[in-house]
Amino acid sequence: MRALKLFITIIFLSQSTNLFAQQTESKQQKMEWFADAKLGIFIHWGVYSVNGISESWSFFNNYINHDAYLKQLNGFTAEKYNPKEWVTLIKESGAKYAVITTKHHDGVALWNTQTAKATSTVKNSAAKKDLISPFVNNLKQAGLKTGLYFSLPDWSYPDYDVFTRERKRYDINTEPKRWNAFLNYYHGQLQELSTQYNPDLVWFDGDWEHTPAEWQTDKVRHLLKAKNPNIIINSRLDQHGDYDTPEQGVPVVKPTARYWELCYTMNDSWGYQPYDHHYKSSNMIIRTLVDCITMGGNLLLDIGPKADGTIATEQVKILKDLGRWTKKHSEAIYETQTGIPNNHFSGKTSLSKDKKTLYLYIDYHTKNGFLLTGIKSKITKVELVGSKEPVSVADLNGTDYFLNFNDAGFDSDVTVLKVTLNEAIELSEDKPEAISLATLFAAPQQPDLTNFNLRKLAKNLNDGINIFQNTNLAADGLDFKSGIKNFNPKINSWVIKNAEALYKTSAGIPEGHYIGNTVLSADKQTLYLFVEGIPTGPVAIKGLANNISRIRIVGEGTMLNHEIYNKLYWSKIPGMVYIDIPKDKLDRELTIIAVLLDGPIKLYREKVGAIESNL
């Protein structure tokens, strides 16, 4: 009898394992286009563009009353709306899919919904148009995937329980009929969207107001999958879905979810706001895309069209600039996956699906070349993506390589090197020997290793190896003696100039917060950033929870400005710090920037997931 039970248990476990494997393989097939796409365009369009106010939240938070908010329907004309031009621009940007707001929390549907008591642009706005159908038709004709944003809450619907922050219409436990009426309404709208547009993806929002049972999320999934078994659903239906959707905060480290997408604005607003001029530069956006690519995720970049259907010139420019870069570097964008650890290359990396091609992303210009270390696989070729400029490759010891190319090979935003290997990449985790004072200060030789040795020093300092601890180096660098005869005067001058970043400093901040090497002062209140070459844009710090007191260039004291982007007032996730460095203030060998904080450094490195509520 025991043997029979054991046999049945083994069969059951075997079947369960096979079923799990089949489900995993099925999901991978379903998600393949999404994982390969890397770039999508988010479109927040609605009546809120008329007055340039917060979409839905402006009346929910009582910044304007609901009646006044809905008066914007009269100014929402869409008279210059040209969906074909939109799709042409989206395709030109390099995006492979788009997600458009079919209905935000304000309940205004942008399609010709037939559900009872619905507010729509067809029946209630000056536009008198179905705005979704022509856009989706053009998307499909262009070969782009269709994504539909849908708000679960509908604060304007008379049978939805929540109205504003201060007002609630009723309690769903005491008036279940009203709640059921709402469920029929919103399920009906999803049925319409599913039937009419057969979307590839549904982007839910707002699930925090009710439980999955109250939303009847299982029914929603069944409804959507009945039309399209391969439909992709984000994680904002009930905190479970096919992929995670971090919002605004660029992840510091790779999210734990296999599939994820950063939704991100160009300025500080989702919908069109005429007085929000806090736009990121095209360079910042391109580098954010690189962040997502190299961590195995997607960027869903937002645009907010005006009430007449035109797109702001600033947004058009960013999309076109993005298109220039994606067209040139397409092979290093689509169908790539997470790269290698940054101890092998001081920068971002990605890999081809077969792991036989390594891509290196470089957001600065330099004449000093690049070091790639710990590559056990044989390198068969190194070339620049989108450029015919030759790349020189020096094999240092069989696993470490020095790469260089002429100025003409650099891209204005991010340069990409393609490293072709003879097999799926294999890495060596052997740590290189730390540089010594004797090697660092050795008299000049040919080739000149000054910059090479300083970068090695920066890496050692970043890792907590400070060879100046037992020397007479003072914070001001005065009277320093290296003790090395026939020393390199360039090295000596650099050490004296940058002494404060070498004197009693300790290991830098963890990987992900800054692309490059860092060290911290003894009191942990000053963060020193090593800046290589000439950056193509402002250098960036992610996940810095401190306030910044001041920033200056080490060794000469020049004060620098900084800007913070995407700091959400309702979220504890820090914004992105960008620091502009004037080119004429850069050190010829290696620049160091001192960032004085308001206290010992505090960093944000929590798990990335769906963040959405600004209550």
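Start by selecting Asp-238 and Arg-221: each of these two residues is buried. Their side chains meet in a salt bridge, with N to O at 2.9 Å. You are looking at a predicted model, so read each stop on this tour as a feature of that prediction. Colour the surrounding elements and you will see that the pair links distant parts of the chain: Arg-221 sits in helix α9 (residues 217-227), while Asp-238 is in the loop between β7 (232-233) and β8 (261-264), and the two are 17 residues apart.

**Next stop: more charged pairs**

Side chains of opposite charge can pair when their charged atoms come close. The structure holds 28 salt bridges, and a few of them deserve a visit.

Select Lys-353 and Asp-36, whose closest N and O atoms are 3.0 Å apart in a salt bridge. Here the partners are 317 residues apart: Asp-36 belongs to helix α1 (residues 2-37), and Lys-353 to the loop between β11 (348-352) and β12 (357-362). Turn on a surface and compare the two ends. Lys-353 is partly exposed, at a relative accessible area of 40%, whereas Asp-36 counts as buried with 14%.

Move on to Asp-363 and Arg-287, another salt bridge, with 3.5 Å between the closest N and O atoms. Asp-363 is in the loop between β12 and β13 (364-365), Arg-287 is in helix α10, and 76 residues separate them in the chain. Both ends are buried: the relative accessible area is 18% for Asp-363 and 13% for Arg-287. Then select Lys-117, Asp-159, Glu-175 and Arg-178 together, since salt bridges that share partners join these four into one network.

**Zoom out: the domains**

Colour the chain by its domain assignment: domain 1 covers 41-328, domain 2 covers 336-421 and domain 3 covers 437-597. Now keep domain 1 and domain 3 in view. Their C-alpha centres lie 43 Å apart, and the contact between them takes 22 residues from domain 1 and 20 residues from domain 3.

How much area do domain 1 and domain 3 bury between them? The value is about 1500 Å², of which 52% is on carbon and sulfur atoms.

To see the polar side of this interface, show contacts between the two domains. Ten residue pairs are in polar contact across the interface, counting pairs with both residues at pLDDT 80 or more. One salt bridge is found across the interface of domain 1 and domain 3. Select Lys-542 and Asp-291 to look at a salt bridge whose closest N and O atoms are 3.4 Å apart. While you are here, highlight helix α10 (residues 282-294), which gives the most to the side of domain 1 that touches domain 3, with five residues. Colouring that side of domain 1 by class shows nine nonpolar, eight polar and five charged residues.

**Into domain 1: Thr-113 and helix α6**

Select Thr-113, in the loop between β3 (108-109) and β4 (119-120). Is Thr-113 buried or exposed? Thr-113 is buried, because its relative accessible area is 1%, and the cut-off for buried is under 20%. Expand the selection to its neighbours: leaving aside residues up to four places away in sequence, Thr-113 touches Ala-118, Ser-120, Lys-123, Gln-189 and Glu-192. Of that group, pick Glu-192 and draw the distance: its side chain makes a polar contact with the side chain of Thr-113 at 2.8 Å.

Now go to helix α6 (residues 132-141), where Ile-132, Ser-133, Phe-135, Val-136, Asn-138 and Leu-139 are buried. Show what surrounds these residues: they pack against β1 (39-43), α4 (83-93), β2 (97-103), β5 (145-151) and α7 (176-197). Just after α6, stop at Gly-143, which takes a positive phi of about 80 degrees.

**Last stop: two unusual backbone angles to check**

Select Lys-128, in the loop between α5 (121-124) and α6. Its phi is near 55 degrees, a positive value in a residue other than glycine. With a relative accessibility of 53%, Lys-128 counts as exposed.

Finish at Asn-62, which also has a positive phi, of about 65 degrees, although it is not a glycine. Asn-62 lies in the loop between α2 (57-60) and α3 (66-70) and, at 43% relative accessibility, counts as partly exposed.

Terms used:
Residues numbered from 1 in each chain as written. Predicted model: local features only at pLDDT ≥ 70, side-chain atom pairs only at ≥ 80, totals over all residues. Heavy atoms only, no water. Helix = DSSP H or I, 4+ residues; strand = E, 2+ residues; numbered from the N terminus. Buried < 20%, exposed > 50% of the residue type's maximum accessible area, 1.4 Å probe, protein only. Polar contact = N/O pair within 3.5 Å; in protein donor to acceptor, adjacent residues only side chain to side chain. Contact = heavy atoms within 4.5 Å. Domains from an automatic or database assignment. Buried area = accessible area lost by both parts, 1.4 Å probe. Nonpolar A, V, L, I, M, F, W, Y, C, P; charged D, E, K, R; others polar.
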